Amino acid sequence: MHAEQPSRSPLFSHSAIPGYGAPEVIAGRPYGERADVFSCGVLAFVLLTGGLPYDEDIWDDTAALDAATAAGELIFDHAPEWATLSSEAREFVRAALAYSAHERPLAHELLRHSWWVLFSCSWSVHVPVHEHV
């Protein structure tokens with residue numbers, strides 16, 4: 001007996017942590033892997049700067065975070081750490097946080113970004129991406 005293979009069709013349910021969901025998820029449109037890339041972009045921003053890529057006044061307001069995401073109102077410069085990041089790191093985050101899903105890279109493409117490759121090469125243990133993606 002074979003296990004059923006997971007579907008690769010777009011998902012429709014709206015299930016996102018406030019501030020981390022992609023615009024297409026917030027809008028209730030079909031979405032796929034690129035929505036996860038957006039969430040990873042938010043996480044990368046948080047890890048690199050210590051805050052969300054939104055106006056600090058709305059961080060505790062789920063509806064305002066959703067509205068800002070749906071409108072593409074991400075703010076990078078409010079975090080002083082943003083200016084201290086390399087241009088490659090900023091490019092990595094901006095690519096992952098592109099408003100249009102079609103402009104966002106797929107996960108395997110993002111993992112080949114020059115900043116990620118440089119960053120991951122500095123780890124003491126290298127795990128080939130193709131084995132874990």
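Q: How many helices and how many strands are there in the protein chain?
A: This is a predicted model, so what you see is a computed fold rather than an experimental one. Read along the sequence, the protein chain goes α-α-α-α-α-α. That leaves the count at six helices and zero strands.Q: Which residues have pLDDT under 50, and what should you make of their coordinates?
A: Across the protein chain the mean pLDDT is 84, and 78% of the residues reach 70 or more. The low stretch has zero contacts beyond four places in sequence in the model. Where pLDDT is low, the predicted coordinates should not be read in detail. The stretch to treat that way, with pLDDT under 50, is residues 1-9.

Q: Is Thr-69 buried or exposed, and at what relative accessible area?
A: Start with its place, which is in helix α3 (residues 62-70). Skipping residues up to four places away in sequence, Thr-69 touches Gly-21, Ala-22, Pro-23, Ile-26, Phe-38, Tyr-54 and Tyr-99. The cut-off for buried is under 20% relative accessible area. Thr-69 falls under that cut-off, so Thr-69 is buried, at 1%.

Q: How are the rings of Phe-92 and Trp-115 arranged: stacked, edge-to-face or tilted?
A: A search of the whole structure turns up six aromatic pairs. In the pair of Phe-92 and Trp-115, the ring centres are 4.9 Å apart and the planes sit at 55°. Planes under 30 degrees apart would count as stacked and those over 60 as edge-to-face. An angle of 55° fits neither, so the pair is tilted.

Q: How many residues apart in sequence are the parts that the pair of Phe-92 and Trp-115 ties together?
A: Phe-92 lies in helix α4 (residues 87-96), while Trp-115 lies in helix α6 (residues 114-121). Both partners count as buried, with Phe-92 at 6% relative accessibility and Trp-115 at 13%. Because the two rings belong to those two helices, the pair ties together parts whose separation in sequence is 23 residues.

Q: Which residues do ring pairs link into a cluster?
A: The search over the whole structure gives six aromatic pairs. Ring pairs also build a cluster, and its members are Phe-45, Phe-76 and Trp-82.

Q: What share of the contacts with a separation of 6 or more comes from residues 24 or more positions apart?
A: A contact here means heavy atoms within 4.5 Å. Take the contacts in the protein chain with a separation of 6 or more, and the share from residues 24 or more positions apart is 47%.

Q: How much of the exposed area do carbon and sulfur atoms supply?
A: Of the 133 residues in the protein chain, 33% are buried. The protein chain exposes about 8,500 Å², and the part supplied by carbon and sulfur atoms is 58%.

Terms used: Residues numbered from 1 in each chain as written. Predicted model: local features only at pLDDT ≥ 70, side-chain atom pairs only at ≥ 80, totals over all residues. Heavy atoms only, no water. pLDDT = per-residue confidence, 0-100. Helix = DSSP H or I, 4+ residues; strand = E, 2+ residues; numbered from the N terminus. Buried < 20%, exposed > 50% of the residue type's maximum accessible area, 1.4 Å probe, protein only. Phe/Tyr/Trp six-rings, centres within 6.5 Å; stacked < 30°, edge-to-face > 60°. Areas by Shrake-Rupley, 256 points an atom, 1.4 Å probe, with all protein chains shown as cover.
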